[in-house]
Amino acid sequence: MKIQERGRAERTTEQNAAMCNSLWAEHGDVSDYFNLGYMHDIGWTVPQDYVEASKWYRKAAEQGYPQAQYRLGVMYYKGQGMTQDADEAYVWLSIALASGFRGATKKLDKVAAKLAPEALKSAQKRAAGLFDEILHRQE
């Protein structure tokens, strides 16, 4: 394959991915939101874009998707696509764990160790409130 042909094929793949993203977004299924976040998070068929990944993870997380809650917490912890924020990382990792995502335990403990006692108490309270809101939306 010539380089020019290869470039056209890559653009076509990216264009197709963008079209799929639009269709998924319109469909509004929570697992599709997570998948879009993951695609942008790792750069699978689209350019890697942490800001875009965090947008889709948040949509899924707010609708109760545990893996998205975890990924959003990790992104806050690392400052990927947003300002690094240990408090917010704790909130989302805590919600992921409460939603049944046991893989959040180690990261949650690591974040908790970095927070001052008052900050931890505040983050725990915010996590509990947000978790309740998410549960009510699912009813």
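These are my notebook entries on a predicted model of a protein.

**Entry 1: the fold**

I began with the secondary structure. The protein has seven helices and zero strands. Read from the N terminus, the order is α-α-α-α-α-α-α. I then looked up burial and found that 37% of the 139 residues count as buried. The accessible surface comes to about 8300 Å². Carbon and sulfur atoms hold 51% of that surface. I also checked the range of the contacts. Taking contacts between residues at least 6 apart in sequence, 50% join residues at least 24 apart.

**Entry 2: the core**

Next I turned to the nonpolar core. In soluble globular proteins, nonpolar side chains tend to be buried together. The largest nonpolar core here has 35 residues. Y57, L72, Y90, W92, I95 and V111 have the most contacts inside this core. I asked which elements give two or more residues to it. They are α2 (30-42), α3 (50-62), α4 (66-78), α5 (86-98), α6 (105-114) and α7 (117-138).

I picked Y57 for a closer look. I left aside its neighbours within four places in sequence. Y57 is then in contact with F34, G37, Y38 and D41, and also with A68, R71, L72 and M75. L72 is on the list of core residues with the most contacts, as is Y57.

**Entry 3: aromatic pairs**

I searched the whole structure for aromatic pairs and got five. I noted two of the pairs in detail.

The first entry is F34 with Y38. Their ring centres are 6.3 Å apart and the planes meet at 20°, so I logged the pair as stacked. The cut-off for stacked is under 30 degrees. Both residues lie in helix α2, four residues apart, which is about one turn of the helix. Are F34 and Y38 buried or exposed? F34 is buried, with a relative accessible area of 13%. Y38 is partly exposed at 40%.

The other entry is Y70 with F101. The centres lie 4.9 Å apart and the planes are at 40°, so this pair is tilted. Y70 sits in helix α4, and F101 in the loop between α5 and α6. The pair therefore ties together parts that are 31 residues apart in sequence. Y70 counts as buried at 18% relative accessibility. F101 is partly exposed at 22%. The limit for buried is under 20%, so the two residues fall on opposite sides of it.

I also recorded a cluster. F34, Y38, Y57 and Y65 form one aromatic cluster. Y57 touches F34 and Y38 in my contact list above.

One charge over a ring went into the book as well. K59 lies over the face of Y33, at 5.1 Å from the ring centre.

**Entry 4: two buried acids**

Last, I looked up two acidic residues, E88 and D41.

E88 lies in helix α5. It is buried, with a relative accessible area of 14%. What does E88 touch, not counting residues up to four places away in sequence? It touches Y76 and R126. A polar contact of 2.3 Å joins the side chains of E88 and R126.

D41 is found in helix α2. At 5% relative accessibility, D41 counts as buried. Not counting residues up to four places away in sequence, D41 touches Q48, Y50, A53, Y57 and R71. R71 is also in contact with Y57. I closed the entry there.

Definitions and conventions:
Residues numbered from 1 in each chain as written. Predicted model: local features only at pLDDT ≥ 70, side-chain atom pairs only at ≥ 80, totals over all residues. Heavy atoms only, no water. Buried < 20%, exposed > 50% of the residue type's maximum accessible area, 1.4 Å probe, protein only. Contact = heavy atoms within 4.5 Å. Areas by Shrake-Rupley, 256 points an atom, 1.4 Å probe, with all protein chains shown as cover. Core = buried A, V, L, I, M, F, W, Y, C linked by side-chain atoms within 4.5 Å. Phe/Tyr/Trp six-rings, centres within 6.5 Å; stacked < 30°, edge-to-face > 60°. Lys NZ or Arg CZ within 6 Å of the ring centre and 35° of its normal. Polar contact = N/O pair within 3.5 Å; in protein donor to acceptor, adjacent residues only side chain to side chain.
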